[in-house]
Amino acid sequence: MAEVLFFLVAAGALAGAIGTVSVPNPFYSVLALVCHLLCLALLFLLLRAEFVAAAQVVVYAGAVMVLYMFVVAYVGGSEMPVGPQGSRSMRLGSIVFAAVLFVELAIAILGTGLKALGTEGAGIGADGVARAGDSPYGTPEQIGELLLTKFLLPFEIASFLLLIAAVGAVTLARRRGGLHDGEEQRITPLDFVRPRSTGTMAEAVGTRPNATTRERAGLTSGAASGGTTETEDR
Amino acid sequence: MAIEWYLVVSALIFSIGAGGVLTRRNPLVVLLCLELMLNAANLALIAFSRMHGNGDGQIFAVIVMVVAACEVCIGLGVIVAMYRRRLPIDVDELRELQG
């Protein structure tokens, strides 16, 4: 049963990966990657890593891919030629490079003297408990215990890295060149001293600007606000 | 399933991602291919974690996920900044590092 599931899910993951690389439209590329990530989460489940599989689905296939979707929609996922400019030889070269890389990795993996190759991994027991006293393998309990005891420093560094990345992204994607039209707003001390509208008859008729007319006229252009202040003085 | 099957699938996904990084010109798709490579590394890490029977490899995979999220954040910020400055969204056209 596990073998059948493994081959089905691995085929799905590989199909998703090939689709991500080869589809011309970035939008469909993102969708293929979502399919690939879901298949990968199933592979994690087959390896008994339940917490990482859940995090993969929620964080990766959920949040990160939605971010990608937003940027693809913003930039306008224009269809582009897949290969490098013009030359077919470059494209062929990169495919050959990928094939050579795979063969090299396969030799490196299968040629090592890892003891667990050919086995199903270390014995973790039927219910996931290797030894008495250990928390079950792959559960949030075990991950949380490890993160807060043995790997506390990497955990803190990762959180700091996330903070730096968030600040950096805001700095990078921020609008340059100051404020644009309609965004300028001056705050003077008079605004705090005097109320914007005092509720008099003149404001209701319209000869004296109240809050709404001042907002409509005063913030759009300086000339209009000058005109209304003249009428206000009269 | 034996562990080496997972490692071979991971190597295959990594190679596909590397080929995609070399082949594609749209920086968005290049970032997606980087995600593929990181996920292949995650699969290998979790397979090794299963091999040893302790959770250290899973912690490593979670940290890799955090780093991948940071990379996506910065990469998409750069792409949005490129779009704002009317630069071509094409990695072959962007050869200079000056602002």
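Two residues are in contact when heavy atoms of theirs lie within 4.5 Å, and the exercises below apply this to a predicted model.

**Exercise 1.** Work out how many residues each chain brings to the contact between chain A and chain B, and describe the area buried there.

*Solution.* Begin with the residues: chain A contributes 84 residues to the contact, and chain B contributes 68 residues. Turn next to the area, which comes to about 7100 Å² buried between chain A and chain B, with carbon and sulfur atoms giving 76% of it. Within chain A, the residues that lose the most area to chain B are A:Leu47, A:Tyr60 and A:Tyr68, which together make up 10% of what that side buries.

**Exercise 2.** Find the salt bridge between chain A and chain B, and then describe the polar contacts across the interface.

*Solution.* The count between the two chains is one salt bridge, and the side chains that form it belong to A:Lys150 and B:Asp56, at 2.8 Å from N to O. As a further step, 12 residue pairs, both members at pLDDT 80 or more, are in polar contact across the interface. The side of chain A that touches chain B consists of 62 nonpolar, 15 polar and seven charged residues.

**Exercise 3.** Identify the largest nonpolar core and the helices that supply it.

*Solution.* This core has 59 residues, and those with the most contacts inside it are A:Leu43, A:Val52, A:Tyr68, B:Ile13 and B:Leu76. Helix 1, helix 2 and helix 3 of chain A, along with helix 1 (3-23), helix 2 (27-52) and helix 3 (56-84) of chain B, each supply at least two residues, while helix 2 of chain B gives the most, namely 12 residues.

Definitions and conventions. Residues numbered from 1 in each chain as written. Chains lettered and ligands numbered in written order. Predicted model: local features only at pLDDT ≥ 70, side-chain atom pairs only at ≥ 80, totals over all residues. Heavy atoms only, no water. Buried area = accessible area lost by both parts, 1.4 Å probe. Salt bridge = Lys/Arg side-chain N within 4 Å of Asp/Glu carboxyl O. Polar contact = N/O pair within 3.5 Å; in protein donor to acceptor, adjacent residues only side chain to side chain. Nonpolar A, V, L, I, M, F, W, Y, C, P; charged D, E, K, R; others polar. Core = buried A, V, L, I, M, F, W, Y, C linked by side-chain atoms within 4.5 Å. Buried < 20%, exposed > 50% of the residue type's maximum accessible area, 1.4 Å probe, protein only. Helix = DSSP H or I, 4+ residues; strand = E, 2+ residues; numbered from the N terminus.
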